Every structure is written in C-alpha cells, then in structure tokens.
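Dear colleague,

I am handing over the model we spoke about, and my reading of it follows below. Please go through it with the coordinates open.

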Amino acid sequence: MARAAVEAALAKRKAAPRRKAVGEPGDSRRRRGYTGPGPDPRDPQPFGSLLERIMKARGWHRPTAEATVFGEWERVVGADVAAHCRPIKLEDGELTVEAESTAWATQLRMLAGRLIARIAGEVGHNVVKKLHIQGPSTPSWSRGPRRVRGRGPRDTYG
C-alpha cells in the first residue's frame with residue numbers, strides 16, 4: 001500500500017508542470033531582499049526605454065512616426081528645404097507639402113524621390129509613400145475685407 005502511494009505521488013509530480021526557480025526567466029514570483037550585482041527588472045529604468053516599451057505594446061509606432069514628420073520637419077528634410085516649404089497633411093501615406101513659391105514647388109517635385117528616401121530614413125519606411133506638392137495658396141475673394149456682394153470682381157471692359 002505504501003508503494004502504491006509513492007508511485008501515485010511520483011506520477012502526479014511528473015504530470016504537473018515544473019515550477020520555475022526564483023530568478024529563472026519566466027518566474028512570476030516576486031523576489032525579496034537584495035537583488036545582487038546584475039540587472040534586475042525591479043531596478044529603476046530610463047524613461048525612454050519605458051516609453052519605447054509602452055509604444056511597442058500599444059502599437060503607437062506609426063502615429064509617432066507621422067507626428068515626427070510634422071514636429072521635426074527641419075531635421076527630417078534638411079534646413080534648406082524646410083525654409084521654403086511646410087507639411088500640410090498626411091493621409092494614407094500621402095504627404096501634402098506647400099511650397100512658398102511656384103519655383104520651389106517645381107524644385108520639390110524634382111526632388112520628390114530624394115525627399116521620400118530621406119523621410120523614410122528618419123521616421124521609417126511606408127510612413128510617407130507619395131508626395132503631393134502644392135504651390136502657394138491664392139487669395140480667396142469669397143471672404144475678407146474686399147468681399148463684394150453679387151457676382152464679385154469681374155472684368156469691366158464694356
């Protein structure tokens with residue numbers, strides 16, 4: 001009878017999952033006391049690594065990269081280009097950029113491939129897939145101090 005009890009206990013022990021030792025990877029028990037000279041998950045962590053871990057866990061890398069395009073525009077495209085244009089919107093991988101003159105709009109259209117490569121190098125691939133470059137916006141006659149009721153400003157050549 002004692003032999004049957006020992007064999008049953010051994011079979012039960014083999015069938016049960018093995019508990020991890022304290023400090024072994026995957027151990028969920030909390031260690032107490034001195035942590036020792038090596039790194040420990042209870043040690044204070046740098047804020048940047050903690051923030052990076054949270055962003056990765058919640059899937060915020062793409063919105064962060066999109067915000068970097070707008071917030072760090074001068075660093076992303078360079079000071080010379082940033083002095084003459086600004087980003088307007090980013091939708092579905094298409095970045096709309098407004099140039100300060102039509103000459104700069106033409107220049108940016110020729111540099112579009114290089115700009116996309118620089119943006120990809122700074123913020124990641126497939127954040128900006130296409131550039132839509134606009135010239136300076138024209139004045140609107142529909143609002144403002146020069147608004148005229150009726151047909152508005154037209155030719156008056158007889």
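**Salt bridges, sheet and surface**

E72 is partly exposed, with a relative accessible area of 38%. Please bear in mind throughout that this is a predicted model. The side chain of E72 meets that of R75 in a salt bridge, with 3.4 Å from N to O, and R75 also counts as partly exposed, at 44% relative accessibility.

A second pair links two strands: E98 forms a salt bridge with R86, and their closest N and O atoms are 2.8 Å apart. Because E98 lies in strand β2 and R86 in strand β1, this pair ties together parts that are twelve residues apart in sequence. With a relative accessible area of 14%, E98 is buried, since the limit for that class is under 20%, whereas R86 is partly exposed at 48%. Returning to E72 and R75, salt bridges that share partners join these two residues and E122 into one network.

Within helix α3, the side chains of R62 and E66 meet in a further salt bridge, at 3.6 Å from N to O. R62 and E66 are four residues apart in that helix, so about one helical turn separates them. R62 is partly exposed at 37% relative accessibility, and E66 is likewise partly exposed, with a relative accessible area of 26%. The count of salt bridges in the model comes to four.

As for the strands, the model holds an open sheet of three, in the order β1-β2-β3 and with mixed pairing. The edge strands are β1, residues 85-91, and β3, residues 130-134, each of which pairs on one side only. Direction ignored, neighbouring strands of this sheet are turned by 25° against each other on average. Helix α3, which covers residues 61-71, packs on the sheet and touches β1 and β2, and its direction makes about 160° with that of β1.

The mixed pairing can be followed strand by strand. Strands β1 and β2 run antiparallel and are joined by six bridges, with β2 covering residues 94-99. R86 has E98 in β2 as its bridge partner, and these two residues are also the ones whose side chains form the salt bridge at 2.8 Å. The two strands form a hairpin with two residues between them, and D92, in the turn, has a positive phi of about 50°. On the other side, β2 and β3 pair in the parallel sense over five bridges, and there E94 has K130 in β3 as its bridge partner.

Is strand β2 largely enclosed or exposed? Five of its six residues are buried, so β2 is largely enclosed by the rest of the structure. E98, described above, is a buried residue that lies in this strand.

Lastly, there is a nonpolar patch on the surface, formed by F47, L50, L51, I54 and W60, which together have about 470 Å² of accessible area. W60 is found in the loop between α2, residues 47-58, and α3, and with a relative accessible area of 40% W60 is partly exposed.

With best regards

Definitions and conventions
Residues numbered from 1 in each chain as written. Predicted model: local features only at pLDDT ≥ 70, side-chain atom pairs only at ≥ 80, totals over all residues. Heavy atoms only, no water. Pairing = 2+ DSSP bridges. Axes fitted to C-alpha atoms, helices over the stretch in contact; angles between N-to-C directions. Contact = heavy atoms within 4.5 Å. Patch = residues over 30% accessible without salt bridge, like charges linked within 9 Å, V, L, I, M, F, W, Y side chains within 5 Å. Areas by Shrake-Rupley, 256 points an atom, 1.4 Å probe, with all protein chains shown as cover. Buried < 20%, exposed > 50% of the residue type's maximum accessible area, 1.4 Å probe, protein only.
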